[in-house]
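Hi there,

Here is the structure I promised to pass on to you. Have a look at it first, and then read on for what turned up when I went through the side chains.

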Amino acid sequence: MEDFEDDPRALGARGHRRSVSRGSYQLQAQMNRAVYEDRPPGSVVPTSAAEASRAMAGDTSLSENYAFAGMYHVFDQHVDEAVPRVRFANDDRHRLACCSLDGSISLCQLVPAPPTVLRVLRGHTRGVSDFAWSLSNDILVSTSLDATMRIWASEDGRCIREIPDPDSAELLCCTFQPVNNNLTVVGNAKHNVHVMNISTGKKVKGGSSKLTGRVLALSFDAPGRLLWAGDDRGSVFSFLFDMATGKLTKAKRLVVHEGSPVTSISARSWVSREARDPSLLINACLNKLLLYRVVDNEGTLQLKRSFPIEQSSHLVRSIFCPLMSFRQGACVVTGSEDMCVHFFDVERAAKAAVNKLQGHSAPVLDVSFNCDESLLASSDASGMVIVWRREQK
């Protein structure tokens, strides 16, 4: 990966660099390994979160755990316009939202039956490119091709604030800062990333940076100290995020493949017993899903492996499965232009495909699991959203 020299104007950011110990990512991986090596074979990390995940996951194999009984429900309120993003609310089993290029966002409830559209958020004058739930699920932020971002109250669907893009450019992606939900990062069509304060509606001083192309994907690490951004020229940039000020310091650049748009980035601190290093999952219009290892505290990436999918032109996204895996292997899920949802075991050396869901009639653009992995939602380029029910063992 390419290094960026320190800018003399970023002295404050250097202070932030020192506040995050060098090699913290390697240290985290070493600590993870040490915990495992000190425990009997087959045991797991002894944390309450780990035990809760194991209890929800059960003792089934990976293939058994990701077997699906079929469609639970189909939402078609956005038919004829693509649904680029679908997301379950945080730590929620039954609340779901999706955005559409028709300019609206739907909030849906899956229980009690039958599943219903609770409300449709309208206000954007062009297609909605992305949205995100706040940590407490009381707020949604959305970005649109109309060059605005909007802040919504999920309880009643009110638009709390409309914020114009600082560059008056189409907004293409967004993500909340995971520790401070008062800050949201957006990416636009003029190659810029901006950190926005949603309370004031202003961009944060020092919180802007330029990429080599249109910004299509954003993802923070769990602590919120590292941000990755991907563009339509095939580059992924890492940034150090100053927790006190919201300033961005450009750290590393990786060219995934020159000219191949990076359409999705998902970060994970660790995946399974076998994959204990921080990881990044990337879609990049290469007919492959790419898994990278994060090797240092500046976000340097090292390719671990890839998985075959069909993606050459659409903005396809992928996710890590939300439950940390305590079986052999670990699972990721991705959309694909072959109109299927694909599951892969990232630790299986051969025949990594775990499952494939068929039912869409257009390229699958996004996927989202609920918190206990009992339901999976997928959206496609024709506007259909399918909710799939996992088989209960």
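Let me start with the aromatic rings: the structure holds six aromatic pairs. Please keep in mind throughout that this is a predicted model.

One of these pairs is formed by Phe-307 and Phe-344, which are stacked, with 5.1 Å from centre to centre and 25 degrees between the planes. This pair links distant parts of the chain, since Phe-307 sits in strand S22 (residues 301-308) and Phe-344 in strand S25 (residues 340-345), 37 residues apart. Are these two rings buried or exposed? Phe-307 has a relative accessible area of 1%, so this ring is buried. Phe-344 counts as buried too, at 3% relative accessibility. There is also an aromatic cluster, made up of Tyr-66, Phe-68, Phe-343 and Phe-369.

Now for the charged side chains. As a reminder, side chains of opposite charge can pair when their charged atoms come close. The structure holds 14 salt bridges, and here are some that you may like to look up.

Asp-366 and Arg-85 meet through their side chains in a salt bridge, at 3.6 Å from N to O. Asp-366 lies in strand S27 (residues 364-369) and Arg-85 in strand S3 (residues 85-88), so this salt bridge ties together parts that are 281 residues apart in sequence. Both Asp-366 and Arg-85 are buried.

Another salt bridge joins Arg-95 to Asp-92, at 3.3 Å from N to O. Here Arg-95 is partly exposed, with 25% relative accessibility, whereas Asp-92 is buried at 17%.

Arg-214 and Glu-170 form a salt bridge as well, and their closest N and O atoms are 3.7 Å apart. Which parts of the chain does this pair tie together? Arg-214 is in the loop between strand S14 (202-210) and strand S15 (215-220), and Glu-170 is in the loop between strand S10 (159-164) and strand S11 (171-176), so the pair ties together parts that are 44 residues apart in sequence. Arg-214 is partly exposed, with a relative accessible area of 30%, and Glu-170 is partly exposed at 24%. The two also belong to a network of salt bridges that links Arg-126, Glu-170, Arg-214 and Asp-232.

Then there is an arginine without such a partner. Arg-268, found in strand S19 (residues 264-268), is buried yet has no salt bridge. What is the nearest side chain of opposite charge to Arg-268, and how far away is it? That side chain is Glu-373, 6.6 Å away, while a salt bridge needs the nitrogen and the carboxyl oxygen within 4 Å. The side chain of Arg-268 does reach the backbone oxygen of Pro-322, at 3.3 Å.

Last, the cysteines. The count of disulfides comes to zero. Why does Cys-108 have no disulfide with Cys-98? Cys-98 holds the cysteine sulfur closest to that of Cys-108, but the distance is 5.0 Å, which is too far for a bond; a disulfide needs the two sulfur atoms within 2.5 Å. Cys-108 is buried, with a relative accessible area of 1%. Cys-285 counts as buried as well, at 10% relative accessibility.

Best wishes

How values were computed. Residues are numbered from 1 along each chain as its sequence is written. This is a predicted model: local features need pLDDT of at least 70, side-chain atom pairs count only at pLDDT 80 or more; totals for chains, interfaces and linings use all residues. Side-chain values use heavy atoms; hydrogens and water are left out. Buried means under 20% relative accessible area, exposed over 50%, partly exposed in between (1.4 Å probe, protein chains only). Helices (H or I, at least four residues) and strands (E, at least two) are DSSP runs, numbered from the N terminus. Rings of Phe, Tyr and Trp (its six-membered ring) pair if their centres lie within 6.5 Å; planes under 30 degrees apart count as stacked, over 60 as edge-to-face and the rest as tilted. Lys and Arg count as positive and Asp and Glu as negative; His and the chain ends are not counted. A polar contact is a pair of N or O atoms within 3.5 Å; within protein, one must be able to donate a hydrogen and the other to accept it, and residues adjacent in sequence count only if both atoms are side-chain atoms.
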